[in-house]
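Hello,

Here is the structure I promised to pass on. Please open it first, then read my notes below.

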There are 2 protein chains.
Amino acid sequence: MFCLSYLVSCLKRNSMHSFTEENYLKAIYKLEEKTGGRVNNTDLAKALAIHSATVTDMLKKMSERKWILYEKSKGFKLTGKGRKSAVGIIRRHRLWEVFLVSKLEFGWDEVHEIAEQLEHVQSEDLINRLDSFLGYPKADPHGDPIPDENGEFMKSEAVLLSKLKAGSKARFAGITDHSTAFLSYLDKIGLALGDTIKIGSIEEFDQSYILQLKSKKEIIVSSRVTNGILVVINY
Amino acid sequence: MFCLSYLVSCLKRNSMHSFTEENYLKAIYKLEEKTGGRVNNTDLAKALAIHSATVTDMLKKMSERKWILYEKSKGFKLTGKGRKSAVGIIRRHRLWEVFLVSKLEFGWDEVHEIAEQLEHVQSEDLINRLDSFLGYPKADPHGDPIPDENGEFMKSEAVLLSKLKAGSKARFAGITDHSTAFLSYLDKIGLALGDTIKIGSIEEFDQSYILQLKSKKEIIVSSRVTNGILVVINY
DNA sequence: CATAATTTTTAGATATATCTAAAAATTATG
DNA sequence: CATAATTTTTAGATATATCTAAAAATTATG
């Protein structure tokens with residue numbers, strides 16, 4: 001019993017982490033992506049919906065365990081090891097989302113919460129087999145890229161739909177707003193990932209767009225929508 | 001924030017439970033099945049590889065939360081609610097095992113640990129869709145029955161291979177020894193679930209069996225093996 | 001049935017992850 | 001640059017799940 005728990009605690013220090021640590025890693029990774037640099041305590045606390053004091057404590061521990069580089073009051077960032085781990089979590093999350101949508105026929109607006117749980121299941125073999133079973137998908141149901149076994153993944157050249165001019169044509173390639181409300185709304189107005197979109201015209205007054213869908217249908221969307229959609233032009 | 005955590009704690013009390021509680025429920029369920037009656041502290045502690053003192057504490061809590069009926073020093077058993085929950089966990093475990101073997105091509109000796117993690121993912125919708133995706137399997141890769149959505153499942157009429165007489169014929173329907181070592185050994189000697197087995201003869205000296213497999217091959221197995229295998233006769 | 005053996009419980013710790021309230025440190029602003 | 005605003009940290013709690021050591025209760029045995 002002594003031996004076992006000692007071993008377990010050793011393993012934990014070096015290569016494994018609790019759900020909590022995984023959630024911190026993921027949140028930090030996402031914040032780094034968004035801000036492009038160091039992350040601060042307050043933003044992380046907000047992202048995780050917990051209190052700053054808790055974050056301070058946890059960051060100290062994660063720093064000791066070499067998941068992050070932490071300088072008191074100066075913000076922090078992932079170490080190489082921390083980044084690798086975070087990318088692994090994202091790989092797992094996105095592969096499970098593909099499974100849920102393509103195999104179990106969930107809607108793209110229903111999978112996030114379940115994937116949040118599945119992503120914590122520890123088994124490299126499992127994830128690599130899942131990847132193979134799904135045909136090595138390059139993106140999840142929301143268009144977000146899936147890292148491969150080595151943590152490599154494509155940076156997309158997608159741009160916000162709101163950047164396009166009237167008359168241009170593009171492919172719906174991703175979203176920046178991942179809320180269920182937004183996803184359901186897109187379902188409702190008949191916009192799906194992969195669709196070709198032509199911009200009929202742009203209303204100067206409120207920057208709303210008239211879009212022509214491949215179904216010939218025309219829809220009007222607000223700037224809130226055009227700022228939530230990523231497209232690939234030159235298609 | 002206050003509201004949310006209050007809500008969460010309420011939910012926890014009534015219908016949800018932590019991984020730990022789920023593991024206790026599952027272990028208690030299995031012990032009840034094995035012993036056919038009340039379970040005691042020591043057996044549960046052994047099954048969970050933790051100390052009795054810890055079990056005493058946890059049982060008090062689980063009793064308050066109405067998962068078990070607990071009388072000090074007299075053993076305990078699951079309540080209706082506790083049983084229902086335990087059966088749900090077993091359903092999830094076994095469905096995931098089917099997924100791992102039939103879709104991801106894991107060996108039947110490789111899936112237990114991963115299913116131990118997957119079984120804790122909370123989503124009824126997920127499990128029912130998985131059930132449908134797998135074609136509503138009646139048994140897991142080890143022949144153990146899978147409860148349906150309502151917690152119903154067949155009691156098997158399988159008996160130990162060691163109960164059969166020379167000359168009888170039966171179908172390999174399940175196992176009582178779920179250890180990886182045993183499963184791998186069966187793989188090695190070429191015995192697989194569903195196989196038809198004919199008992200050539202029984203060695204009186206050590207109760208070892210000579211089995212004739214459908215492949216015409218003959219193998220000799222020890223009583224350790226015939227006591228680990230369940231068969232359905234009259235086939 | 002008295003004593004020994006076993007089982008269960010109590011008492012007091014520990015680790016993890018969280019909280020609140022207040023203090024300290026840092027950054028922004030007139 | 002002094003003060004205000006914001007951010008971070010400290011200090012002291014709490015809940016969960018575990019431990020060890022010892023006491024208490026129960027069960028088995030001569």
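Which residues are closest to DNA strand C? They are Ser18(A), His51(A), Thr54(A), Thr42(B) and Tyr70(B). In total, 22 residues surround the strand. Please keep in mind that this is a predicted model.

**The DNA side**

What part of DNA strand C do the protein-facing atoms belong to? Of the strand's atoms within 4 Å of the protein, 73% belong to sugar or phosphate. The rest belong to bases.

Three side chains reach phosphate oxygens of strand C. A polar side-chain atom of Ser18(A) lies 2.6 Å from one. For Thr54(A), an N or O atom of the side chain is 2.7 Å from a phosphate oxygen. For Asn41(B), the distance is 3.4 Å. Four elements give two or more residues to the surface near the strand. Chain A provides helix H2 (19-35) and helix H4 (52-64). Chain B provides helix H3 (41-48) and helix H4 (52-64).

By residue type, that surface divides into 6 nonpolar, 11 polar and 5 charged.

**The two protein chains**

How is chain B related to chain A? A turn of 180 degrees, with a shift of 0.0 Å along the axis, lays chain B on chain A with an RMSD of 0.1 Å. That is the relation of a two-fold axis. In chain B, Leu118(B) has the C-alpha nearest the axis, 3.5 Å from it. Both copies use the same surface: 100% of the contact residues of chain B recur in chain A.

Best wishes

Definitions and conventions. Residues are numbered from 1 along each chain as its sequence is written. Chains are lettered from A and ligands numbered from 1 in the order in which they are written. This is a predicted model: local features need pLDDT of at least 70, side-chain atom pairs count only at pLDDT 80 or more; totals for chains, interfaces and linings use all residues. Side-chain values use heavy atoms; hydrogens and water are left out. A residue is near a molecule or strand if one of its heavy atoms lies within 4 Å of it. A polar contact is a pair of N or O atoms within 3.5 Å; within protein, one must be able to donate a hydrogen and the other to accept it, and residues adjacent in sequence count only if both atoms are side-chain atoms. Ala, Val, Leu, Ile, Met, Phe, Trp, Tyr, Cys and Pro count as nonpolar, Asp, Glu, Lys and Arg as charged, and the others, Gly among them, as polar. Copies are superposed by least squares on the C-alpha atoms of residues with pLDDT of at least 70 in both. Contact means heavy atoms within 4.5 Å.
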